[in-house]
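Hello,

Here is the structure I promised to pass on. Please open it first, then read my notes beside it.

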Amino acid sequence: MIAKSRTMLLALACAMLAACSTTPRPQFSSEAAPGIVLADYKTYSWAFPRRGGGNPFIYERVQQAMDASLAAAGYTLVAEGQGDMELAFTLGARDRVDVTDWGPVGAYYPAYGRGYRYGWAYQYNQVDVRNVTEGSLALDVFDAKTDRPIWHGIAAARIGSRDAPGDALIRSAVDGLVERFVAAGGR
């Protein structure tokens, strides 16, 4: 009985630890062109298959993740210029300052001691200032015949200022963008 309880406690602890993910969750925004039926598009190619500038390893990981996610959603990669749609993505990072003003805080204390009035402590202001690096992945989808944009999506998340984004973050951002593209097409 004790061994069974320990096993269940260990399993519960592992499950709780797994739930505490350290990978930041991206925030998404997207927009589709009005009057376009995205469900009609089934094949794609890359508008810029060979990248210049930036970290080529990150670009390669993002493109591979995008290809895998699109294939899982039922889209087929074809030779350059042969698809129904052309895809392009851009990566970016920017530093910003996050300021959180917690406002005046006056915790309730029982009315005792000098300086306390009516049971309230002195008020003070607390402001947190943090430097944050926000990374973004933008996916643009164009109609291959007309070169008109048909869908645009952005995934943004906090990233480390010195480290390359991890595979889990890249996968989360790519999967989220593809899910939104698929949903916009009604597939």
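Please keep in mind that this is a predicted model.

Start on strand β5, where you will find Val 127. Is Val 127 buried or exposed? Neither label fits. Its relative accessible area is 46%, so Val 127 counts as partly exposed. Val 127 also belongs to a nonpolar patch on the surface, together with Val 97, Val 99 and Val 129. As a group, these four have about 360 Å² of accessible area. Two elements give two or more residues to the patch: β4 (85–105) and β5 (124–143).

Now go inside. In general, nonpolar side chains tend to be buried together in soluble globular proteins. The largest nonpolar core here has 27 residues. Which of them touch the most other members? They are Met 66 and Met 85. Several elements give two or more residues to this core: β2 (43–46), α2 (56–72), β4, β5, β6 and α3 (167–185). The largest share is from α3, with seven residues.

Take a closer look at Met 85. Leave aside the neighbours within four places in sequence. Met 85 is then in contact with ten residues you can click through: Tyr 41, Thr 43, Tyr 44, Ser 45, Tyr 75, Val 141, Phe 142, Ala 144, Ile 150 and Phe 181.

Next comes Glu 86, in strand β4. Its relative accessibility is 18%, and the cut-off for buried is under 20%, so Glu 86 counts as buried. Beyond its neighbours within four places in sequence, Glu 86 has contacts that include Ser 45, Asp 140, Val 141 and Asp 147.

Follow that last contact to Asp 147. This residue sits in the loop between β5 and β6 (149–159). Its relative accessible area is 55%, so Asp 147 is exposed. Check its backbone too. The phi of Asp 147 is positive, near 60 degrees, and the residue is not a glycine.

Finish with helix α3. How far apart are its end C-alpha atoms? They are 27 Å apart. That agrees with the expected span, because 19 residues at 1.5 Å a residue should also give 27 Å. Many residues of α3 are listed as buried, among them Leu 169, Ile 170, Val 174, Leu 177, Phe 181 and Val 182. You have already met Phe 181 as a contact of Met 85. After α3 comes Gly 186, with a positive phi near 75 degrees.

Best wishes

Methods: Residues numbered from 1 in each chain as written. Predicted model: local features only at pLDDT ≥ 70, side-chain atom pairs only at ≥ 80, totals over all residues. Heavy atoms only, no water. Patch = residues over 30% accessible without salt bridge, like charges linked within 9 Å, V, L, I, M, F, W, Y side chains within 5 Å. Areas by Shrake-Rupley, 256 points an atom, 1.4 Å probe, with all protein chains shown as cover. Salt bridge = Lys/Arg side-chain N within 4 Å of Asp/Glu carboxyl O. Helix = DSSP H or I, 4+ residues; strand = E, 2+ residues; numbered from the N terminus. Buried < 20%, exposed > 50% of the residue type's maximum accessible area, 1.4 Å probe, protein only. Core = buried A, V, L, I, M, F, W, Y, C linked by side-chain atoms within 4.5 Å. Contact = heavy atoms within 4.5 Å. Expected span 1.5 Å × (residues − 1).
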